[in-house]
Amino acid sequence: MNPIFSALQTSVFEVMSQLARETGAVNLGQGFPDDPGPEDVRRKAAEAVISGWNQYPPMMGLPELRHATAAHYKRWQGLDLDAETEIMVTSGATEAIAGALMALITPGDEVVLFEPMYDAYVPLVRRAGGIPKFVTLTPPAFGLTEAALAAAFSPKTRVVLFNNPLNPTATIFSDADLDLLADFCIRHDAVAICDEVWEHVVFDGRRHVPMLSRPGMRERTVKISSAGKIFSLTGWKVGLVMAAPPLMRVLAKAHQYITFTTPPNLQAAVAYGLGKDDSYFEGMRSDFQRSRDRFTEGLRGLGFSVLPSVGTYFLNVYIAPLGELDDVDFCRRLVMENGVAAIPVSAFYAQGAVKTVVRFCFAKRDATLDAALERLADRK
Ligand code: GLN
């Protein structure tokens with residue numbers, strides 16, 4: 001048995017969702033929307049299952065999806081990507097991350113990670129033979145400093161893997177942060193693997209800035225996105241990978257021996273969806289933003305100290321002002337005694353830096369949020 005994986009606990013998302021199912025709790029833990037996602041996109045998938053191609057699609061993805069991806073990122077982020085040589089479809093962003101790490105890391109290479117981080121990163125880095133080097137971001141701003149980067153990067157740095165917008169912090173790296181990080185990548189000849197799945201879920205008029213567009217990064221960035229977050233269809237697992245041809249050629253080798261392809265019917269539906277007009281994307285942002293505001297207000301009304309959320313499905317609260325110093329224990333009691341599932345943010349820190357922040361998913365219908373608030377109001 002591989003000790004890296006056998007020593008791991010079950011993912012906090014699965015644990016909390018399972019507990020929520022068992023206890024009938026309102027599940028604001030694992031991040032997924034209540035709403036079923038755009039009907040026209042789902043209908044396209046259904047049509048493609050019934051009357052389309054259901055055998056292996058091309059290994060790199062359906063040509064129509066690769067072309068739709070190039071057009072989408074030209075329109076939204078001004079990127080010039082060649083559909084033939086710079087775009088690949090994977091079975092979700094997590095496959096893309098796993099494949100990129102396998103493809104780019106030689107055992108002993110160092111990988112810079114920003115904690116708190118998505119729980120899959122460290123096990124995947126380790127299994128690829130990489131040595132994680134952490135930059136610790138702390139609340140309330142979860143900001144980046146040059147000193148922290150200087151301490152994490154070394155001549156052995158091969159990759160920096162990060163999420164932007166960031167789950168679970170609900171923050172976004174500024175242009176200055178990206179350029180600072182770019183400068184470190186260039187000086188250390190490192191590749192940036194950018195998990196940008198939340199790029200469309202940004203609030204208050206913000207626009208996502210991809211690392212790929214920053215000076216000097218075009219040839220050393222792997223950009224990863226996912227239909228799950230673009231269309232609020234988190235179970236679909238259709239990932240989009242973008243990188244310059246020399247990088248893409250190696251990434252494709254990893255993909256070829258992991259999943260090889262991704263269901264063609266879902267790919268056809270995603271190709272259609274990426275061409276939806278701006279109003280769909282603006283509508284999604286404003287709907288989530290409204291839910292964020294509703295839930296923030298409700299929590300503040302109950303005396304919770306809420307941290308700012310500028311993107312993702314999440315917001316965080318400080319629990320220390322409630323006299324609580326252990327987020328895991330707090331979340332366990334919250335689900336068992338109050339019937340609300342949330343995620344302890346310490347699960348996303350590798351080194352135990354922060355234990356008093358709890359993450360809630362607000363990407364829910366008003367009735368769900370209100371039911372959670374009612375239960376929280378009864379908290380003893
Ligand atoms: N991305 C989702 C979250 O952060 C969870 C995905 C998963 O369950 N692994 O809640």
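Start by selecting glycine 303 in this predicted model, a residue that follows helix α12 and has a positive phi, near 90°. From glycine 303, step back into α12 itself, which covers residues 278–301. The helix has 24 residues, and the distance from its first C-alpha to its last is 34 Å, close to the 34 Å expected at 1.5 Å a residue. Now show the side chains of Met284, Phe288, Ser291, Arg292, Phe295 and Leu299, which are buried residues of α12. To see what covers these buried residues, add a selection that includes the strands β9 (305–306), β10 (314–318) and β13 (357–361), together with helix α14 (366–377).

Keep the strands on screen and turn to the sheet. Four strands form an open sheet with antiparallel pairing, in the order β9-β10-β13-β12. β9 and β12 (343–344) stand at the edges with a single partner strand each, so one side of each has no neighbour in the sheet. Selecting β12 and β13 together shows an antiparallel pair joined over two bridges, in which proline 344 has valine 358 of β13 as its bridge partner.

The next stop is strand β2, residues 87–90, where both faces are covered. Ile87 and Val89 are buried on one side, while Met88 and Thr90 are buried on the other. Add strand β8 (residues 239–242), which pairs with β2 in the antiparallel sense over four bridges; within β8, valine 241 is the bridge partner of methionine 88.

From β8, move to the loop between α9 and β8, where lysine 237 is found. Lysine 237 is not a glycine, although its phi is positive, about 55°. Because lysine 237 has 19 C-beta neighbours inside 10 Å, it counts as partly exposed. Then select alanine 227, which is placed in helix α9 (residues 227–230). Alanine 227 counts as buried because it has 29 C-beta neighbours inside 10 Å. Leaving aside residues up to four places away in sequence, alanine 227 touches Leu233, Trp236, Val238 and Val270. A distance drawn between the C-alpha atoms of alanine 227 and valine 238 reads 5.4 Å, although the two are eleven residues apart along the chain.

Two cis peptide bonds make the following stops. One joins proline 139 to proline 140, with omega near 5°, and proline 140 is placed in the loop between β4 (131–136) and α7 (146–152). In the loop between β4 and α7 you can also select phenylalanine 142, a residue other than glycine with a positive phi near 50°. Phenylalanine 142 has 22 C-beta neighbours inside 10 Å and therefore counts as buried. The other cis bond to visit joins asparagine 167 and proline 168, with omega about 15°; proline 168 lies in the loop between β5 (157–163) and α8 (175–187).

Asparagine 167 leads on to the ligand, since Asn167 is one of the residues around it, along with Ser11, Phe13, Gln30 and Gly31. Colouring this shell by class gives one nonpolar, four polar and no charged residues.

Finally, select residues 26–376, where an unreviewed UniProt entry places the feature "domain: Aminotransferase class I/classII large". The end C-alpha atoms of residues 26–376 lie 11 Å apart, and the span is 40% helix and 16% strand.

Notes. Residues numbered from 1 in each chain as written. Predicted model: local features only at pLDDT ≥ 70, side-chain atom pairs only at ≥ 80, totals over all residues. UniProt positions renumbered as here; feature names shortened; annotations may be inferred. Near = placed C-beta within 6 Å. Nonpolar A, V, L, I, M, F, W, Y, C, P; charged D, E, K, R; others polar. Buried ≥ 20, exposed ≤ 12 C-beta atoms within 10 Å, placed from the backbone. Contact = placed C-beta atoms within 7 Å. Expected span 1.5 Å × (residues − 1). Pairing = 2+ DSSP bridges.
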